[in-house]
Amino acid sequence: MTVDCSRTTRRRFLAGAAALGALPILSARAQATAPIMRAIPSTGEKIPAIGMGTWVEFNVGNVEALRENCLAITRLFLERGGGMIDSSPMYGSAEDVVGWCLERITDHGSLFSATKVWSPAGGDTAEQLSRSEGLWRSERLDLMQVHNLVDAEEHLERLFAAKAAGRIRYVGITTSHGARHDAMAEIMTGHPIDFAQFTYNILDREAEDRLLPLAADRGIAVIANRPFQRKGVFRHVGGAPLPGWAADIGAANWAQVFLKFVIAHPAVTCAIPATSVLAHMDQNMGALTGPLPDARLARRMAADVAGL
Amino acid sequence: MTELPYSVEVLTATLAAFNTTWWPVVAVGFASTLWLPFANSDRHARWMLFQAAGTAAVVGGPFWLGTMAALDFMAPVWGGLWLLQAAALLLIGWRGGLDFTGRGLRGASLVIVAVGALVYPILFQLETGAAGLGVPLAGSAPEPTAIVLIGLLLGARGRRMPAVLLIPALWAGVAAFNGYLLGLFTPWLVAVTLLAAVAARIAARQNEDDTVGEERS
């Protein structure tokens, strides 16, 4: 059956015009609900701008009830379009708990697995990689990072080899200490890493001076850890009401304000808040949609929050 | 690092799991601690040290190297320290290296043992709101066991004391730091009892010196 489209009836014209008129509205709605994605500079692959950390919150050992809670958290995270889950052998049972959760979730959505090598955990780079694959119940991890730059040169060499062999997809480095930024910058300059992970949040903006511009310049994806400054940002604002500009960026709560501030930076690829509270995960994932502040508003946000 | 890799909620849930899984060992450890105040320190000195060695071994083995190893990357270090403590107590007990016959500090010693065995778990429960068995118990968990050891050693004399007091004293620092990181006050009780024990020891020595001085004058 064919349809003659050459004949334009009034009804068809009006329907077409209405559809065209609705386009901006539909586009805006799609923009409001579509997850904010960021490209990994080294490949162009896009990942959701909100990820999930596992430090403390997923280190629950073998306590069944707490594992079930982590499962609910992970399920909600993936259902709401979350991507990166970041862990480390330093986080006790966290890698095992993540793997346990993923084993029980059928649809992994946009999952992007990120973990680390950490010398004190024992074993060489390859052994740690195998151990993490086993704990994550995964045949291939997306990103392996050198935790806190410990034995970075040695691990990086082996991680690049693992990447070349197709065992992992990306290589990165991490720190959560401002004092290590010099060493971080040195590696970012001297090695072809894909990711750099460091602390960046509305109260700790040290990375804006050097690491974020360097990452943008070198084409390195940035994972912002501690986006809530270990709950410090919430303590800082206390019970203060949301400023008027929160509505402009579609932030319904402080968590979304803080996360949107972080992922609005053009050099940031992904923020990785950690939580064990389902309602908080729901709030965090709300930051993955809607408008983001521009540079001017971001500066104002930082100033206003600092002034609280 | 200025944060422990686990939360208070996870700690209490893990303690509950540990106390449930290892209940015979936990029960024996706790009961043997309650025996200490009633032990005849003249005749049972060696057994008191063996009891202490046993509880230190439980803290080092099932607690740190077993249960907590899944949560804390420092567990092998802490487990090793407690096993060393157990070995030291066992060795010194075997050789009869400590003398519990002094009566001067017996009262203070028993008070500190009672703090470790009874007061510590109650305070911990009140502070954390831990449900059921989610509390550390003397004879199997490090902090109350360290307090009991400090109390026990306060009533002892001997030149090998430093060898068995070193790790409980060190634990006062570890517990205080961990308490600070978790935002808990109860673990500081180890340091408080250590300071109280040192103060009691100094006061007792002062009294002895004064008595000797009076006798000579």
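Biologist: In what order do the strands of the open sheet in chain A run?
Modeller: This is a predicted model. The open sheet has eight strands, with parallel pairing. Strands of a sheet pair through backbone hydrogen bonds. The order in chain A is E3-E4-E5-E6-E7-E8-E9-E10.

Biologist: Which are the edge strands?
Modeller: An edge strand pairs on one side only. In chain A, two strands fit that: E3 (52-53) and E10 (270-271).

Biologist: Which residue stands opposite A:Cys270?
Modeller: A:Cys270 lies in E10(A). Strand E9 (residues 221-225) of chain A runs parallel to E10(A), and two bridges join them. The residue opposite A:Cys270 is A:Ile223.

Biologist: How many bridges pair E7 with E8 in chain A?
Modeller: E7 covers residues 168-174 of chain A. A:Ile173 stands opposite A:Ala196 in E8(A). E7(A) and E8(A) pair in the parallel sense, and the number of bridges is three.

Biologist: Is E8(A) mostly covered or mostly open, and which of its residues point the other way from A:Phe195?
Modeller: E8(A), residues 195-199, is mostly covered, with five of its five residues buried. In a regular strand the side chains alternate between the two faces of the sheet. A:Phe195, A:Gln197 and A:Thr199 point one way. Pointing the other way are A:Ala196 and A:Phe198.

Biologist: Why is helix H3 of chain A described as largely enclosed, and what does it pack against?
Modeller: H3(A) spans residues 94-103, and nine of its ten residues are buried, so the rest of the structure largely encloses it. The buried set includes A:Trp100, A:Cys101 and A:Leu102. These buried residues of H3(A) pack against four elements of chain A: H2 (64-79), E4 (84-86), E5 (112-117) and H4 (125-136).

Biologist: Which residues of chain A lose the most area to chain B?
Modeller: The contact involves 13 residues of chain A and 14 residues of chain B. About 1200 Å² is buried between the chains, and carbon and sulfur atoms give 63% of that. Three residues together account for 37% of what the chain A side buries: A:Trp55, A:Val56 and A:Asn59.

Biologist: Which residue of chain A forms a salt bridge with B:Glu3?
Modeller: The count between chain A and chain B is one salt bridge. Its closest N and O atoms are 3.2 Å apart, within the 4 Å cut-off. The partner of B:Glu3 is A:Arg230.

Biologist: How many residue pairs are in polar contact across the interface of chain A and chain B?
Modeller: The side of chain A that touches chain B has seven nonpolar, five polar and one charged residues. Pairs count here where both residues have pLDDT 80 or more. Across the interface of chain A and chain B, the number of residue pairs in polar contact is five.

Notes
Residues numbered from 1 in each chain as written. Chains lettered and ligands numbered in written order. Predicted model: local features only at pLDDT ≥ 70, side-chain atom pairs only at ≥ 80, totals over all residues. Heavy atoms only, no water. Contact = heavy atoms within 4.5 Å. Buried area = accessible area lost by both parts, 1.4 Å probe. Salt bridge = Lys/Arg side-chain N within 4 Å of Asp/Glu carboxyl O. Polar contact = N/O pair within 3.5 Å; in protein donor to acceptor, adjacent residues only side chain to side chain. Nonpolar A, V, L, I, M, F, W, Y, C, P; charged D, E, K, R; others polar. Buried < 20%, exposed > 50% of the residue type's maximum accessible area, 1.4 Å probe, protein only. Pairing = 2+ DSSP bridges.
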